[in-house]
Amino acid sequence: MRFHSAADLAARFGLELSGNGLIEITGVAPLDRAGAGDLSFLSNGKYAGQLETTKAGVVVMRQADSGRLPAGATALFAKDPYSAFARISALFEPVAAFDAGIHPSAVVDPTAVIDPGAMIGPQVVIGARATVAAGARIGAQCYIGDDCHVGEDCELQARVTLWLRVRLGKRVRILPGAVLGAAGFGLAMDQGAWINVPQLGGVVIGDDCEIGANTTIDRGAMGDTVLGNDVRLDNQIQIAHNVQIGDHTAMAGCSAVAGSAVIGRYCLIGGNAGILGHLTVADRVTVTSKSLVTHSIREPGEYSSGTPLMENREWRKNAARFKQLDALARRLGQLVRSSGASGD
Amino acid sequence: MRFHSAADLAARFGLELSGNGLIEITGVAPLDRAGAGDLSFLSNGKYAGQLETTKAGVVVMRQADSGRLPAGATALFAKDPYSAFARISALFEPVAAFDAGIHPSAVVDPTAVIDPGAMIGPQVVIGARATVAAGARIGAQCYIGDDCHVGEDCELQARVTLWLRVRLGKRVRILPGAVLGAAGFGLAMDQGAWINVPQLGGVVIGDDCEIGANTTIDRGAMGDTVLGNDVRLDNQIQIAHNVQIGDHTAMAGCSAVAGSAVIGRYCLIGGNAGILGHLTVADRVTVTSKSLVTHSIREPGEYSSGTPLMENREWRKNAARFKQLDALARRLGQLVRSSGASGD
Amino acid sequence: MRFHSAADLAARFGLELSGNGLIEITGVAPLDRAGAGDLSFLSNGKYAGQLETTKAGVVVMRQADSGRLPAGATALFAKDPYSAFARISALFEPVAAFDAGIHPSAVVDPTAVIDPGAMIGPQVVIGARATVAAGARIGAQCYIGDDCHVGEDCELQARVTLWLRVRLGKRVRILPGAVLGAAGFGLAMDQGAWINVPQLGGVVIGDDCEIGANTTIDRGAMGDTVLGNDVRLDNQIQIAHNVQIGDHTAMAGCSAVAGSAVIGRYCLIGGNAGILGHLTVADRVTVTSKSLVTHSIREPGEYSSGTPLMENREWRKNAARFKQLDALARRLGQLVRSSGASGD
């Protein structure tokens, strides 16, 4: 078991200690479930009331909230308690062994180049002309296809597929089941049947990106599909061909971006939100969950579509009226005119 | 070919026979496609008219509907025809061979503990300290990660991933491509870049759960993501970190639950429905397809959001008016006031 | 490097050459990024302005647009420039090697029948009574389950699962991570717990279909789930048990069809659209992105649901009014009646 004293943590992470520096921390927990050996945090003022009842040994919090701290309690003051907590919390994360080398069950094309400082797990398959840089970890049952490149210190967990012409920057982490570099969905109708439009581009992923479980990122038709640096994608996201996503943008689970859309930096895309093709989304745009972006967004801000949740019987009545909305508005207009009222 | 007489089925499943007990059944089919050797069922009264034309040898149905049964037809009367049919139908399901033991192509960590009564398929990879109980079947190309536990009589079909700290109860069935135990999507912004919040918890799945193909269930940040007993998840569902789902709740395909939401027992979540994070949903709540749950639900019942499907041109007119809805309502209010009408 | 002169391309694809037939083409690019060695195309008149500035060596376009072509530029005239471009573009697609035979790391059931002209990749697992026809390519780490059939010239890319009773026609292409033939989501409630309704059918896929990455197609409960010929499914689509999809229908990413729905020919289903179970959709129906089809559609045309995207604060005001919509409509009706106006 790892343990760290409150004083040590204060020194190591540059935080201000209030209380007993000798308290030893062996894990982390939320305020309402923490015990004497746990570190907890208060970031959202809404939970400040929990300070009075928490059994946490040490709480990471803003000094401004210290008035809520019971007498005798121990705290570490941070400007941003959540990120400070995240950094401390990493001390308690078990680190999996890293043994460089190629597992004997892996099948590696003779033209692939694997750095001796990379780790290739069991039952991995690596294709022609692929390269894997030093410090990269390719987990069990991954597939690294032709002309793919895995940068330094990347981590591909189990069953990740880089199908074709995927280039990863450094420190990219990809969760199980993700598929990068599959053909974009490009079709042309020809004499009553579909023909495929060849998808000749690739996928380029910047440094420090994270790709969630079972997420898919298609390769470009002409040119590449591009993620900048520090882009964070949750699970089951679909990124179509030739999409571009700016640095530090984060997308929540089940969201999707259609072909050739360009998304700015520092955007936050909510769960199951969608962005139509060939649109542009400015920097620092937030799209709320399940909204559909149907036109380009030029200004930072928060955007939404959809209707509120209601008890089903009430919803049915209102939804039926939605079908009459234009007629209702026209009727109201007539009434306003006939009444001589000015409206607004 | 398996066959069973109507009389045998009546005795075996405790149903009342009406008609010819000697009829032999060799398969199952819906009323409108069944032949003389088929068993069929009538559960929804809407289809009672099909009784007159069906060629089914035997029909499982409610005795109350027997008036619709043509003279000379054979039926098995059940209180709940659909579940009775399901039980009988299982007689016609081929059972795959179960040969306990570890396939020679599997790669098993020396610290893993595999019960001799478990079956480990080809090209399976099993990590450190993992345990697999008796009667469990681990299908081809599965990955069982570090510190995972597979309970008695579980069935993991092909290409299932338990990434880290996943504990399955008994008789859990997981369909191909599902990923359990990947890191929850926990991020903190720190000096303009994202840092990961370590996901130190695991996933705990109760007895008799079913997890659909390509569904993802993330492990908890602090504490576990928890499914109770007999929870049924369809394909491509996303369950975020620290979600809790109560016993007997069923979720249809492509639905999603955001972090730390707590869902009750016996809930029915429709296809592509979403539930936002940190909400509570009471027992016996139904959410209709594609609805978004944006606030906690305290009462059982059926809940919905969205608008009705319309021909696109009509929809455009009405959707444009949605953007004026608040203005329209204000104008209407003014008009009501200026007319001296009481409104309601 | 492959290269082709404009005159050769004109002859090979039956197009009319305008300009310099000696220009050599070594690749393809969009008008705004093409260089002197690139072929480009103009299909959508909206982009005709780019003709004046493009550096493309040759442009595939309609003769009707030739007035926009700068003097001295070279073009290939086609009735349908996009499909002509797609066909030419295929000349520049690298063709992966096809070496018939079974990789030594594959595990093939002794009762399976593999045509000597098929290619079975590394770490593939093939189950009992499965058959693979000549010219079929089974990529790395695929799983071909019991009683599955892969037709001539099919291409299963990496990590595709055909779980049980899946029959593919000819030239079917399946992208990584797709799962066909998993159990449909059939449940019956029995004394307070769920029991599975056995899924005794299979999946039948016609010729020339394409199935996207991580898409799932469940097998039928009684009878099969059926895709016609030339059906095109993008990534992360969910097709439930007993669905039928007509020839040439294309569905965009993250769309979903619930059980037993019947979809016609030449339909276009937008991204993340949903179709409820047991519905019928006519031929040549377009459903826009994120719409939910809640009733059968009898007529060709375009159909939609949802509300427009708005800045969040505006959206909140209007969304709140949606909850009052029925009340507002009633109040308006009263006002119309009390004013003696005829309305419409």
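I will talk about the cysteines, one helix packing and one chain interface in this structure. What we have is a predicted model, in which local features need pLDDT of at least 70 and side-chain atom pairs count only at pLDDT 80 or more, while totals for chains, interfaces and linings use all residues. Residues are numbered from 1 along each chain as its sequence is written, chains are lettered from A in the order in which they are written, and side-chain values use heavy atoms, with hydrogens and water left out.

Let me start with the cysteines. Over all chains there are 0 disulfides, a disulfide being a pair of cysteine sulfur atoms within 2.5 Å. For A:C254, the closest cysteine sulfur is in B:C254, 7.9 Å away, which is too far for a bond. For C:C142, the closest is in C:C154, at 11 Å, again too far for a bond.

Next, the helices, which are DSSP runs (H or I, at least four residues) numbered from the N terminus. Helix 4 of chain B, residues 325-339, packs against helix 3 of chain C, residues 312-322, at about 60 degrees, with axes 7 Å apart; the axes are lines fitted to C-alpha atoms over the stretch in contact, and angles run from 0 to 180 degrees between N-to-C directions.

Contact here means heavy atoms within 4.5 Å, and the residues making it include B:L325 and B:R330 on one side and C:K317 and C:F322 on the other.

Finally, chains A and B: their contact takes 72 residues from chain A and 77 residues from chain B.

Key:
Helices (H or I, at least four residues) and strands (E, at least two) are DSSP runs, numbered from the N terminus.
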